[in-house]
Amino acid sequence: MEQNTEQNLFGKLREWQEIMDEIEADKEMHLLFQGLTEQLQEELIEFCMGSRGARVTYDPFFKFVFNPERNPDRLSELLSLILGEEVKVIAAIPNESNRITEEGSLLITDILVKLKSGAYANVEIQKVGYAFPGQRCACYSSDLLMRQLTRLKIEAKQNGKPFSYHMIKKVYTIVFMENSTAMYKDFPNVYIHRAKQTFDTGLQMDLLQEYVVIPLDIFRKMHHTELSKLEAWLYLISSDEPQDIYRVMEHYPEFKVIYKELAQLRNNMKELIIMYDSYRQMLAELDRNTTRLMVEELTQEVEELTQKKAELTQEKAELTQEKAELTQEKAELTQEKAELTQEKAELTQK
């Protein structure tokens, strides 16, 4: 792509010192910048220089691009491509579940929306793959289902109508995983996994809960010759590399609008640093909760190993006792054999 296209999209490219001078000129802004990790500082500077794009997997940028109130069509198109059917986002729903307070801090992004069909969709980005096993995915989906149930009962009561379970619509749990676990490595050429509950007899019953997991690290490792629209969206979300950005715009020029909006964030340095600082705080909370989770799991492992050791020690003691008893029995049998041999000799002598 030509250089003037790059300048039109990103504006005039800036030097590192020029950006640092602007940051240091404002004490509050400089203080926030110093609070960022070295990696985030480097990414922010490179983004402002125009040498890389924005990391849309970061919560502030993801919600900036896919804000359901401002740009519902973007999220509608992305969800339609992921789910394989046309859906339309009509509203964002506030997160009011108590599971958010306990486990939501393991999330990087969490957007809950209501679709035109009445279905609910929860879009999440998980940074720590191992912290999101199938059990947790099922619990999140069940939480979403119960939240819809509660809301429908309240609305039915307010409208003076009887509640019916037929009112309940599907719930979709859609998870983007930044760093996937070993189980996904068994499918190196698959970047999207879909699941729903079915009966083994072929009985048709809508059990409402559907799941989609997208390991972004595997997606980036795959070679995509001709970009589909879904792959273009996934590149926008997962990659800040200029060559990927230009490739997406080359195949789908309509994405230029989104990249321009992101580039314009550079015009308000303070707001940009606040966005990075917001993400830093999320990472800090993530690290604390990940550490706590790891400590709890290790503590449980230690307890299990201690219990196993105690059981093995008990088994060893019982085996030692059995061995002693067998040794005693052997000695007694040897004594009896000697006595019988003696008796046989005496009988032979007689």
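Trainee: Why does Lys63 count as partly exposed?

Mentor: Lys63 has a relative accessible area of 33%. Buried means under 20%, exposed over 50%, and partly exposed in between (1.4 Å probe, protein chains only). The value for Lys63 lies in between, so Lys63 is partly exposed. This is a predicted model, in which local features need pLDDT of at least 70 and side-chain atom pairs count only at pLDDT 80 or more, while totals for chains, interfaces and linings use all residues. Residues are numbered from 1 along each chain as its sequence is written, and side-chain values use heavy atoms, with hydrogens and water left out.

Trainee: What is the class of Asp59, buried or exposed?

Mentor: Asp59 has a relative accessible area of 9%, so Asp59 is buried.

Trainee: What makes the pair of Asp59 and Lys63 a salt bridge?

Mentor: The term needs a side-chain nitrogen of Lys or Arg within 4 Å of a carboxyl oxygen of Asp or Glu. In this pair the closest N and O atoms are 3.2 Å apart, and the pair is listed as a salt bridge. Side chains of opposite charge can pair when their charged atoms come close. Asp59 and Lys63 are four residues apart in helix H5, which means about one helical turn separates them. Helices (H or I, at least four residues) and strands (E, at least two) are DSSP runs, numbered from the N terminus.

Trainee: How many helices and strands are in the chain?

Mentor: The chain has 14 helices and six strands. It has 350 residues, and 42% of them count as buried.

Trainee: How many salt bridges does a search of the whole structure find?

Mentor: The search finds 16 salt bridges. One of them joins the side chains of Lys270 and Glu28, at 2.9 Å from N to O. Lys270 lies in helix H14 (residues 269-349) and Glu28 in helix H3 (residues 27-35), so this pair ties together parts that are 242 residues apart in sequence. Lys270 has a relative accessibility of 28% and therefore counts as partly exposed. Glu28, at 47%, is partly exposed too.

Trainee: Which parts does the salt bridge of Lys229 and Glu254 tie together?

Mentor: Their side chains meet at 3.2 Å, N to O. Lys229 lies in helix H11 (residues 229-238) and Glu254 in the loop between helix H12 (242-251) and helix H13 (256-263), so the pair ties together parts that are 25 residues apart in sequence. Arg14, Glu18 and Glu22 are joined into one network by salt bridges that share partners.

Trainee: Why does Arg14 count as buried?

Mentor: Its relative accessibility is 18%, so Arg14 is buried. Arg14 is found in the loop between helix H1 (3-10) and helix H2 (16-24).

Trainee: Which side chain does Arg14 join in a polar contact of 2.6 Å?

Mentor: That partner is Glu22. A polar contact is a pair of N or O atoms within 3.5 Å; within protein, one must be able to donate a hydrogen and the other to accept it, and residues adjacent in sequence count only if both atoms are side-chain atoms. Arg14 also makes a polar contact with the side chain of Glu18, at 3.4 Å.

Trainee: How do you know that the span of helix H8 agrees with its 25 residues?

Mentor: The expected span is 1.5 Å times one less than the number of residues. For H8 (residues 134-158) this should be 36 Å, and the end C-alpha atoms are 36 Å apart, so the two agree. Just after H8, Gly160 takes a positive phi of about 70°. For the 12 residues of helix H4 (residues 38-49), the expected span is 16 Å and the end C-alpha atoms are 17 Å apart, which agrees. Gly50, just after H4, has a positive phi of about 90°.

Trainee: Why does Met205 count as partly exposed?

Mentor: Met205 has a relative accessibility of 48%, so Met205 counts as partly exposed. Met205 sits in the loop between strand E5 (193-196) and strand E6 (209-215).

Trainee: Where is Leu208, and what is its class, buried or exposed?

Mentor: Leu208 is also in the loop between E5 and E6. Its relative accessible area is 17%, so Leu208 is buried. Its phi is near 75°, a positive value in a residue other than glycine.
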